[in-house]
Amino acid sequence: MGIDFSAHGTAMIVVKNNIVTIDAIGPWNLEYFMTLHIRLVQAISQIEDDKYAVLLKPIGEAVAGQDCYKVHLDFIKQGKAKAVAINISLCETPVITRNLLHKIYTDARLEHQFFNDDQSALKWLDTKLY
């Protein structure tokens, strides 16, 4: 018999000019990632071609349990994102979050880079899309 938990963490997802922006407020649990994945598939379906990139903005205590790693890694590997820019400026756990995200994106073989503002991140993403 399993126990259902509610999602910890929230995300706001916006798609504009083939960039999927995710404001992800942590901490996160497995249920959060399951909900996030469904919402991301819906958001990406709005993009006419498979050419998109992600601006991730981890906010607050942006950490997740070890049980989330494989589930999220498998999801990322199925995607077709060209790159991920991570704006770490609003994160209260920057070292831990940076290490966690770097490991996930490296293991998924997804090009990524960390930034301290949206403008620099978006400029870098434009070079990856066009």
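Which strand is K57 found in? That's the warm-up for a few exercises on this predicted model.

**Exercise 1. Place K57, then decide whether it is buried or exposed.**

Step 1: Start with the location. K57 sits in strand β3.

Step 2: Look at its accessibility. K57 has a relative accessibility of 15%.

Step 3: Apply the cut-off. Buried means under 20% relative accessible area, so K57 counts as buried.

Step 4: List who it meets. Leaving out residues up to four places away in sequence, K57 touches T21, I22, D23, A24, N87 and D118.

**Exercise 2. Find the residues that touch the most other members of the largest nonpolar core, and the elements that build it.**

Step 1: Take the core as a whole. The largest nonpolar core has 32 residues.

Step 2: Pick out the best-connected ones. V20, I22, L36, V54, L56, I86 and Y105 touch the most other members.

Step 3: Map the core onto the fold. The elements giving two or more residues are strands β1 (10-16), β2 (19-28), β3 (52-64) and β4 (81-87), together with helices α1 (30-44), α2 (67-78) and α3 (94-107).

Step 4: Zoom in on one member. Setting aside neighbours within four places in sequence, L56 is in contact with I22, A24, V84, A85, I86, N87, L101 and Y105.

Step 5: Don't stop there. A second, separate core has ten residues, including I19, A53, A121 and L129.

**Exercise 3. Describe the largest pocket: its volume, its lining and the chemistry of that lining.**

Step 1: Begin with volume. The largest pocket comes to about 610 Å³.

Step 2: Go to the lining. There are 36 lining residues, and L40, I44, Y52, F75 and I76 lie nearest the centre of the pocket.

Step 3: Ask which elements contribute. Two or more lining residues come from each of β2, α1, β3, α2, β4 and α3. The largest share belongs to α2, with seven residues.

Step 4: Sort the lining by type. It divides into 27 nonpolar, five polar and four charged residues.

**Exercise 4. Work out where T97 is and what its side chain reaches.**

Step 1: Find the element. T97 belongs to helix α3.

Step 2: Check accessibility. The value for T97 is 0%, so this residue counts as buried.

Step 3: Follow the side chain. It reaches the backbone oxygen of A62 at 2.5 Å.

Step 4: Add the other contacts. Not counting residues up to four places away in sequence, T97 touches P58, A62, V63, I88 and C91.

**Exercise 5. Hunt for unusual backbone geometry.**

Step 1: Know what to look for. Most residues other than glycine have a negative phi, and most peptide bonds are trans.

Step 2: Find a cis bond. One joins G26 and P27, with omega about 5°. P27 lies in strand β2.

Step 3: Look for positive phi values outside glycine. N18 has a phi near 65°, and R109 has a phi near 55°.

Step 4: Place these two residues. N18 is in the loop between β1 and β2, while R109 is in the loop between α3 and β5 (112-115).

Step 5: Finish with accessibility. N18 has a relative accessible area of 22%, so it is partly exposed. R109 has 79%, so it is exposed.

Key. Residues numbered from 1 in each chain as written. Predicted model: local features only at pLDDT ≥ 70, side-chain atom pairs only at ≥ 80, totals over all residues. Heavy atoms only, no water. Core = buried A, V, L, I, M, F, W, Y, C linked by side-chain atoms within 4.5 Å. Buried < 20%, exposed > 50% of the residue type's maximum accessible area, 1.4 Å probe, protein only. Helix = DSSP H or I, 4+ residues; strand = E, 2+ residues; numbered from the N terminus. Contact = heavy atoms within 4.5 Å. 1 Å grid on protein atoms, 1.4 Å probe; cavity = no way out; pocket = protein on both sides within 12 Å on 5 of 7 lines; lining within 4 Å. Points joined across faces, edges and corners; volume = space filled by probe spheres on them. Nonpolar A, V, L, I, M, F, W, Y, C, P; charged D, E, K, R; others polar. Polar contact = N/O pair within 3.5 Å; in protein donor to acceptor, adjacent residues only side chain to side chain.
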